[in-house]
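The report that follows walks through helix packing, ring contacts, cysteines and a few single residues, and is meant to be read beside the coordinates.

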Amino acid sequence: QITTLINHKDKPKRSDKTLQAIQRVGQAVNLAVGRFVTVGEAIANENHELKEEMSVACIEARRAGETIAQLTDVASLDHPESDSHITIFTDKTGVVKAARLLLSSVTKVLVLADRIVIKQIITSRNKVLATMEQLEKVSSFQEFVQIFSQFGNEMVEFAHLTGDRQNDLKDEKKKARMAASRAVLEKCTMMLLTASKTCLRHPDCESARINKDGVFHRMRLALEQVIEIVTDSRPNGENEMASISIYSGIKEFKNKVEGLRENLYFLSKENLSTMLEVILEHTEDFTDSAYTSHEHREHILELSKQAKMELEQLVSVWMQAQNQKTKDLMEDLEVAILKTCQCMNELKREVHSAATSLAADLLKYHTDHMVLKALKITGVEGNLEAVAEYTCKLSEQKEQLVEMCRLLRHVSGTEPLEITCIHAEDTFQVTGPQIISAAETLALHPSSKIAKENLEVFCEAWESQLSDMSLLLREINDVFEGRRGEKRVYLSLPRPGKHNANLKALKPVKLDTEEQAKIAKLGLELHLLTSDVDSETEKWEDQENEIVQHGQGMSSMAYSMYLFTRGEGLLKTTQDLFHQAEIFATEGTKLASALHALSDQVHDDDKPLLLLEAEKLISMCKQLQITAKASTQGKSATFTKVDACILKTRNVMTLLCQLLPLCCKLLRKNKAGNGCLKPASPWKEDRIRTGTNARTPERRVDTFGIKSLENHVTNMTFLESK
């Protein structure tokens, strides 16, 4: 909004609509700053050490917001130039100065708030660690109950703080690491309870002590990793471990090879050979694995040999082309590049097949949890010999699953999934021995209820990880097959020649500066409408509702079209915009279908109005599709088409602003007692509750097992007192 104001071009004639639009932007900026500063001031009042700095930054931001509102107060002026009142038209530099001050002060507030959040998380972690030390040394049940109740409350607080932080992280790799650490803490909190109780009941049992020590150690590592992520630091100055997957290696290698088309001199042949050697070294994880099938092993070895030969041929032609750039040599180079990349693609496909087929077979084979069931039965029987036999089988199973995770890591496709594979490997590596020590404790004390409960908890953690592996395998396959990777489908860029057979004949063009200026007002109106739609969708309690999801999708697409009018965002050419308009219209048609479905649920009195609005929406979307698909020639005609697409999109968004509150009202009316509107919550409540933005796919990662943990803390008035 600020950029729109600063880029605003003066014109001798200004319509009432233009003046109103400018004033609306100024007011919107000032209101947003007011809300932002209110939160900043509330934070300052609760954190005295930064209160002064935060207060100064908030005052600066508020002052800048008010200045922008004053300078854009132009709607009531017929002739702003001749009036004594200073406005954006008479003092453009004033707006620029106010904008700079605003952005500077807002940044200060954000940085200070971030420092406070980091400090809160570190303080919370320190409290948890201190209480854990007390729990380790406790010697009586009564003392344990008291300290664990305190520990439970501290873990709940830590869960809320880290959940908020996880949702705020922009780096997907860090987000995955945070999720993995919090998953460990979730499971270990319950393990710590039963393992400690078992140790207290059987203080002389070595296996019970080993079991408990393992839980404490793992929790400390997880807590430390959370702090590393939050403070962006590594212990002892270590660098973050680089990705070592075959996928990432092949991707980088292919990029270098294909780069030879543009530049024959940007890397050395030794560099390329080294990259291939590293990839082939990683394939040894597959060929050396006892769990890789003979067929897969042979294919991988064969493709590795072929890759070396293709690279030798490529290097030979490449060296010749460096000395003499003839047409024939360049054609030979292109063929060598294609053959090398094709070979690497086949190698990638083969290792993917080897890893995923092994994983599918193992997960299917271990789905009945026979070894865990046998350990529970033989433990209760006190049969030490049988327990020893089944612990050996569990160790074998653990080695198989660890190997499976290592191979899946190579073909995970994305860094977050690679991190999830590492977390899964660690979980199997640690949980296996913990199950064994818990089973040995039960076998030594077969009548102990707490020892039996403890074994159950560790077995559940193992079963849960196996279940998670099935989901992980599905995600890895989705990435390989191209079904994942972009956050929102409708933001994907159109690919000329794929979506429309006629696109090859069209030359993609961008709007020039003059055209952007002409369409700026329309774009601004579209932007304001997206804000209104977002505001309406956020009021719905059921964010999974089909109407809400279509509304959010359309708003996001409309916003990308607004960015296009400013020469920003993912839509780079007019052809991108037209394709986006088509998808927008399709989404609108789907919304109309959802409205028809809703009409079947509402009272007869309300049905005609809803159906009428649905028909309006269908008609508007059809008109937009016709406009977007119409062929044009020439710069002027293309700009007219752009203008028409934006205008029709704006009309649909205007209707959407009316539809969303109507639908919510009808649903609330028809579902008495199950309202769909969220009550507004004050900042203090919102701060300790994890943000659940409707557009954030991580809505369900807010807190780890908090409800079950709170129940444990609340209900634990005594432990094994009888």
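Helices here are DSSP runs of type H or I with at least four residues, numbered from the N terminus. In that numbering, Ile122 belongs to helix H4, which covers residues 92–137. The model is a predicted one, and every value below is computed from it.

**Residues joined across the chain**

Ile122 has a relative accessibility of 24% and counts as partly exposed, because the buried class ends at 20% and the exposed class begins over 50%. Its C-alpha atom is separated by 9.8 Å from that of Glu224, although the two residues are 102 apart along the chain. A second pair of this kind involves Gln580, which is located in helix H18, residues 574–599. Gln580 is buried, with a relative accessible area of 2%, and 8.8 Å separates its C-alpha atom from that of Ala628, a residue 48 positions away in the chain.

**Helix packing**

Two packed helices are described by the angle between their axes and the distance between those axes. The table lists three helix pairs in these terms.

| Helix pair | Angle between axes | Axis distance |
|---|---|---|
| H12 and H13 | roughly 160° | within 9 Å |
| H17 and H18 | about 160° | 9 Å |
| H19 and H20 | about 160° | 10 Å |

Helix H19 spans residues 607–629 and helix H20 residues 635–670; since an angle over 145 degrees counts as roughly antiparallel, H19 is placed in that class relative to H20. The crossing in which H19 passes H20 is left-handed.

Helix H17, residues 546–565, packs against H18 at an angle of about 160°, which makes H17 roughly antiparallel to H18. The crossing of this pair, H17 and H18, is left-handed.

Helix H13 runs over residues 384–410, and its axis crosses that of H12 at roughly 160°, so that H12 and H13 are roughly antiparallel to each other. H12 also passes H13 in a left-handed crossing.

The loop between helix H11 (327–365) and helix H12 (370–381) contains His369. Most residues other than glycine have a negative phi. His369, which is not a glycine, has a positive phi of about 55°.

**Aromatic rings**

How many aromatic pairs does a search of the whole structure find? The search returns five aromatic pairs. One of them joins Phe148 and Phe151, whose ring centres are 5.6 Å apart and whose planes meet at 45°, so the pair is classed as tilted. Both residues lie in helix H5, residues 141–168, with a spacing of three residues, or about one turn of the helix. Phe148 is buried, with a relative accessible area of 0%, and Phe151 counts as buried at 0% relative accessibility. Another aromatic pair is formed by Phe428 and Trp462, which are edge-to-face, at 5.2 Å centre to centre and with 70° between the planes. This pair links distant parts of the chain, for Phe428 is in helix H14 (residues 415–444) and Trp462 in helix H15 (residues 449–480), 34 residues apart. Phe428 and Trp462 are both buried. Ring pairs also link Phe144, Phe148 and Phe151 into a cluster.

Lysine side chains are placed over aromatic rings as well. The charged end of Lys641 sits over the ring of Phe578, at 4.0 Å from the ring centre, while Lys348 lies over the face of Tyr247, 4.9 Å from the centre of that ring.

**Cysteines**

A disulfide is a covalent bond between the sulfur atoms of two cysteines. The structure holds zero disulfides. Cys341 is in no disulfide, and the nearest cysteine sulfur, which belongs to Cys343, is 9.9 Å away; this distance can be set against the 2.5 Å within which two sulfur atoms count as a disulfide. Is Cys341 buried or exposed? At 7% relative accessibility, Cys341 counts as buried, because the buried class takes in values under 20%. Cys664 is buried too, with a relative accessible area of 4%.

Notes. Residues numbered from 1 in each chain as written. Predicted model: local features only at pLDDT ≥ 70, side-chain atom pairs only at ≥ 80, totals over all residues. Heavy atoms only, no water. Buried < 20%, exposed > 50% of the residue type's maximum accessible area, 1.4 Å probe, protein only. Helix = DSSP H or I, 4+ residues; strand = E, 2+ residues; numbered from the N terminus. Phe/Tyr/Trp six-rings, centres within 6.5 Å; stacked < 30°, edge-to-face > 60°. Lys NZ or Arg CZ within 6 Å of the ring centre and 35° of its normal. Axes fitted to C-alpha atoms, helices over the stretch in contact; angles between N-to-C directions. Parallel < 35°, antiparallel > 145°, perpendicular 65-115°, else oblique. Left-handed = near helix turned anticlockwise from the far one by under 90°.
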